[in-house]
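Reader: I would like a close look at a single part of this model, the pocket and what lies around it. Please take it residue by residue and keep it plain.

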Amino acid sequence: KLSSGGTYTLNGRQALSYARIRYVGDGDFERTERQRKVLMKVLEKLKSSNVKQLDNFLNTLLPQVTTNCTKTELVELVLNSAAYFNYDIKQNRVPYDNTWKFLTIRKMSVLSIDFDKNIKYIHDNIYK
């Protein structure tokens with residue numbers, strides 16, 4: 001039990017619980033923000049890890065992952081990870097701000113999304 005506010009290091013279950021909190025604040029938008037925050041903290045921790053710690057992390061993580069990458073491709077990614085850690089990370093969410101509105105359909109609150117604006121934003125910001 002936490003006695004006061006502040007910065008805490010969470011274990012895996014705590015981080016997962018924090019990232020999955022629903023019905024607080026701005027609903028799904030804040031939940032996905034928490035998910036991005038947890039992933040960024042994991043990445044920060046990985047950046048300061050040594051090779052043995054990275055190896056232990058991957059040996060724990062990879063059995064839980066399904067991918068079409070070959071083992072050779074995964075090893076290459078790991079060997080190049082130091083370079084990847086230097087990349088600037090840009091993040092956002094879909095739908096982007098000012099590209100949606102709330103509607104009520106059959107007494108349910110739903111998002112009406114302007115797909116054209118979101119597609120343009122993605123192309124302008126990811127595929128440049």
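Author: What follows goes through the pocket, its lining and some of the side chains in and beyond it. The model is predicted.

The largest pocket has a volume of about 1000 Å³. It is lined by 24 residues, and those closest to its centre are Leu-10, Ala-15, Val-38, Lys-41 and Val-42. Three helices, H1 (12–20), H2 and H3, each supply at least two residues of the lining. The most comes from H2, with 9 residues.

Val-38 is a place to begin. This residue sits in helix H2, which covers residues 28–47. Its relative accessible area is 18%, and because buried means under 20%, Val-38 counts as buried. Leaving aside neighbours within four places in sequence, Val-38 is in contact with Ala-15, Tyr-18 and Ala-19. Ala-15 is thus named twice, as a contact of Val-38 and among the residues closest to the pocket centre. Leu-16 lies 22 residues from Val-38 in sequence, with 8.3 Å between their C-alpha atoms.

Lys-41, another of the residues closest to the pocket centre, forms a salt bridge with Glu-44, with 3.8 Å between the closest N and O atoms. The two are 3 residues apart in helix H2, so about one helical turn separates them. Glu-44 is partly exposed, at 45% relative accessibility.

Val-42 is also among the residues closest to the pocket centre, and it belongs to a nonpolar surface patch of about 340 Å². The other members of the patch are Phe-57, Leu-61, Leu-62 and Val-65. Leu-61 is found in helix H3, residues 51–61, and is partly exposed, with a relative accessible area of 35%.

The salt bridge of Lys-41 and Glu-44 leads on to the others. The count for the model comes to 5 salt bridges. In one of them, Asp-97 pairs with Arg-93, the closest N and O atoms being 2.4 Å apart; Arg-93 is buried at 16% relative accessibility. Asp-124 pairs with Lys-120 at 2.6 Å between the closest N and O atoms. Both of these residues lie in helix H6 (residues 115–125), 4 residues apart, about one turn of the helix. Asp-124 is partly exposed at 39%, whereas Lys-120 is exposed at 52%. Salt bridges that share partners also join Arg-22, Asp-28 and Arg-31 into one network.

Technical notes: Residues are numbered from 1 along each chain as its sequence is written. This is a predicted model: local features need pLDDT of at least 70, side-chain atom pairs count only at pLDDT 80 or more; totals for chains, interfaces and linings use all residues. Side-chain values use heavy atoms; hydrogens and water are left out. Buried means under 20% relative accessible area, exposed over 50%, partly exposed in between (1.4 Å probe, protein chains only). Contact means heavy atoms within 4.5 Å. Patches are made of residues with over 30% relative accessible area and no salt bridge: like charges are joined within 9 Å, nonpolar side chains (Val, Leu, Ile, Met, Phe, Trp, Tyr) within 5 Å. Accessible areas come from the Shrake-Rupley method with a 1.4 Å probe; for residues, only the protein chains shown count as cover. A salt bridge is a side-chain nitrogen of Lys or Arg within 4 Å of a carboxyl oxygen of Asp or Glu. On a 1 Å grid over the protein atoms alone, a cavity is a set of points where a 1.4 Å probe fits but cannot get out, and a pocket is an open set with protein on both sides within 12 Å along at least five of seven lines; lining residues have an atom within 4 Å of a point. Grid points are joined across faces, edges and corners, and a volume is the space filled by probe spheres set on the points.
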